[in-house]
Amino acid sequence: MKGFTIYIIPVLILILSSCYPEENLNVPVNDTQIEIVTELDQYIDDHFTTEYGMAIRYKFVDRYVSSLQRVTAPRLESVRPMLDFVEEFWINPYLEVENGEDFFKKHVPPEIIFLGGLIYLGDGLQVLGTADAGARITFTNVNAIDPTDEEWRDQQLNTVYHEFAHTVHQLYKLPTAFETISPEGYTGAGSWFVLTDEEALERGFVSPYATSNPNEDFAETVSFFLFYSDFYGHFVDQEDCETTICETRNQGRDMIRTKISSITSHYEKVTGVDLEELRAAIQSRL
Amino acid sequence: MKKGFLYWCLLLPLILSSCGDDDGPELPPVEERKEEAVQGLIDDLIAPANGWRVNYSPTSGAGTFLMLLDFNENGEVLIKSDVAVNDGEFREHVSTYRVDVGLSLELIFDTYNVFHYFFELNETQFGGEFEFLFDKRQGENLIFISKSDLGSPTTLTLEPADGTEESSFGLEIVGYFDAFQGKSPRIFGLKAPSQHVILEDQNISVFWQIDLIARSLLVDMAGEGTTASELLSNNNLISVFHESTYNFVGNRLTLENPFEIDIAGKSIRLESIDFQNFDSLAGPSMCNLSSDPTPVYSGTSELGNIRVEKSLFSSEGLPYQPQTDRLYAVNSFFIFDDSLRSLQEEGIISVSFPTAQAFVMNYGFQSDSLPENSVGLIYENEFGDSEWILQYMEPTQTEINRIRITLRNEFYTLGDVDATDIANMSQVNAEIFEGGEVYIYDWPNNFDLKIFWIYNPCNEYELLILP
């Protein structure tokens, strides 16, 4: 009996599995592979998808955010200016520097999302920008586009350079002993937001968010180094101190200087890109 | 063994028969059926020659907004609406749409349009929606249900337009009502303006607060008389608290929950007003120091002639009463100028009293030392001690929520206060209470605190005060 049962069960499975030969459970849901319908779609295809392998998603799909996050779609009129912004302030600087184009094309995330507003979490908190394991970078607040507005511009640049920096440590690891430069300063994912900018600097970090863990520290430091015009003045150069608090800030600056040195060497070694040169290319546009 | 074999033999035909297609032998594959359903809805959406008419109410507490939607086969939708915000952005605009199939057919406006505007209000807590689940066809209409509403789902009914709807857009009336928003408190978001609705032929006045964003209003008070001074001298204003949503069609405002009241021996029922004449300069000034005009909008209703004026009166300020056992006070940060900058950070307080801690407003306070009616500051001196300067004022007069402030040249001081400090205090009070009349409101908040919100129409300064 046992042998019979063992024999007949695989037969039954075979019979049952052949019941629905025509139907495929792996049906893409909400698949928005962009059909080229408009001039805008054609422009995106020519300038981004074909050239860099980047799909630019400007039409809202709810999978772009989690179920508790609420955000609007971009205005159609904002999409082209945002594309120009991305090209000018993110892509072109890489094209200008040695090995930059090669690095960019090899590492650019395949999916870029435009969202119209900020992402609201319903508890008064907002998400400014997100990335997903190197697979996607999300720009928020696209409807407020104004590259002459420093606050808006810096927020977008912080997002894109931060998220793009993650791809480097994900593929090539952090610089050697990076996490030992300011080991006492890390706070954790749930408590970084209690710090002020000043307190983060005293700990040797460019922002409170950088204290959440070494990966975020790496990405934030790269990002601030690239887009923040007064990076050296604010985060590196020493103050003439007469107070203890000032000396503490200078100690923080020492640590940030060490981090920058470590990061630029690491970039040069694993990507061939000179971050100083890239910073200059970006700063020339601001 | 034989018994088991028999069981399996009996079972096998049953299993095999269950492989039959319950949906019929000729049904196409699921993907094909999905595409067919999607295309079917798209075909329906693009079918009407004049597009669709929608009377959209984003939430149960909001009024009705008229929209015309014209879908095309390229995934674009032309939307016209009577939503006048953002310099008329939503009067006529194009966005894109998509029909998806998930748990059911969905209509998604996937680039920004007027639906997104409602969705994004109040940091997305207002209750608007831009993703809708297809519910059913009902006659010629298409019925959708909001997909992710925080509250009760909203129904979106698409009715075939007949081509005459554009004349129903109340664009002019919407613009004229927006003109009443000026000279209103705004530090915590625009406060719904108050309007004095004068039923001229009835000799009756109604005060309502009209929310121009949500199209809802609250009838606050009513009384016999047609002018503010008449109403105040008659002292017969009664609280009403009648809520209604409303809509604009052409030049008509319609209360979706008509207002009814028995007052001065009359039964009053107000359902709609047909407006005819708008004059942006014919209304009374809100400030007794100036003649800054305000709008007047006149029309007719079933009750005869009606005149709508701007007002700052509201029953919200009625709980502001004398406090014998404690003073009214607030952190001195919460006093703002007409540019909404804190006076402690950039204005006169930052210059004269940079170490100010609290603003005090005594109203009927019974104390052995402090003046019963007075206003002033508590600040820190160079040694870290608190010093007080309070300027006496005449006993406060309140008329509904209007407070008359008459400052005296007499001061209470505590600490090492000199003549310069007193002169500075006098200047601070004179600036904050310029004109001598302010209006007080309740500020709803999430802190479980009673907080009053004071507005000075002469200089548009605002401050908070806590009992």
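This note goes through a predicted model, taking confidence, domains and charged pairs in turn.

1. Start with confidence in chain A. Its mean pLDDT is 86. Of its residues, 84% reach 70 or more. The start of the chain is another matter: over residues 1-32 of chain A, pLDDT stays under 50. For that stretch the model has 32 contacts beyond four places in sequence. Read those contacts with the pLDDT in mind.

2. Now chain B. Here the mean pLDDT is 90, and 94% of the residues reach 70 or more. Which elements of chain B mark the lowest and the highest mean pLDDT? Helix α1 (residues 2-18) of chain B has the lowest, at 55. Strand β2 (residues 65-71) of chain B has the highest, at 97.

3. Next, the layout of chain A. It is divided into domain 1 (40-172) and domain 2 (173-286). Taken over C-alpha atoms, the centres of these two domains of chain A are 23 Å apart. In the contact between them, 23 residues belong to domain 1 of chain A and 25 residues to domain 2 of chain A.

4. How much area do the two domains of chain A bury between them? The figure is about 2,300 Å², with 65% of it on carbon and sulfur atoms. Three residues deserve a look: A:His162, A:His169 and A:Tyr172. Together they supply 25% of the area that domain 1 of chain A buries against domain 2 of chain A. No other three residues supply more.

5. Polar and charged links also cross this interface. Between domain 1 and domain 2 of chain A, 8 residue pairs are in polar contact, both residues being at pLDDT 80 or more. Three helices each give two or more residues to the domain 1 side: α3 (76-96), α4 (100-107) and α5 (150-172) of chain A. The largest share, 12 residues, comes from α5(A). By type, the residues on this side of domain 1 of chain A divide into 11 nonpolar, 7 polar and 5 charged. The count of salt bridges between the two domains of chain A is 2.

6. One salt bridge in chain A can be checked by eye. A:Arg285 pairs with A:Glu96, and their closest N and O atoms are 2.7 Å apart. Side chains of opposite charge can pair when their charged atoms come close.

7. Chain B is assigned three domains: domain 1 (30-164), domain 2 (172-313) and domain 3 (328-465). Between domain 1 and domain 3 of chain B, the C-alpha centres lie 50 Å apart.

8. Over all chains, the structure holds 37 salt bridges. One of them joins B:Arg215 and B:Asp82, at 3.1 Å from N to O. Why does this pair tie together parts 133 residues apart in sequence? Because B:Arg215 lies in the loop between β10 (204-211) and β11 (216-224) of chain B, while B:Asp82 lies in the loop between β3 (76-81) and α3 (85-88) of chain B.

Notes: Residues numbered from 1 in each chain as written. Chains lettered and ligands numbered in written order. Heavy atoms only, no water. pLDDT = per-residue confidence, 0-100. Contact = heavy atoms within 4.5 Å. Domains from an automatic or database assignment. Buried area = accessible area lost by both parts, 1.4 Å probe. Salt bridge = Lys/Arg side-chain N within 4 Å of Asp/Glu carboxyl O. Polar contact = N/O pair within 3.5 Å; in protein donor to acceptor, adjacent residues only side chain to side chain. Helix = DSSP H or I, 4+ residues; strand = E, 2+ residues; numbered from the N terminus. Nonpolar A, V, L, I, M, F, W, Y, C, P; charged D, E, K, R; others polar.
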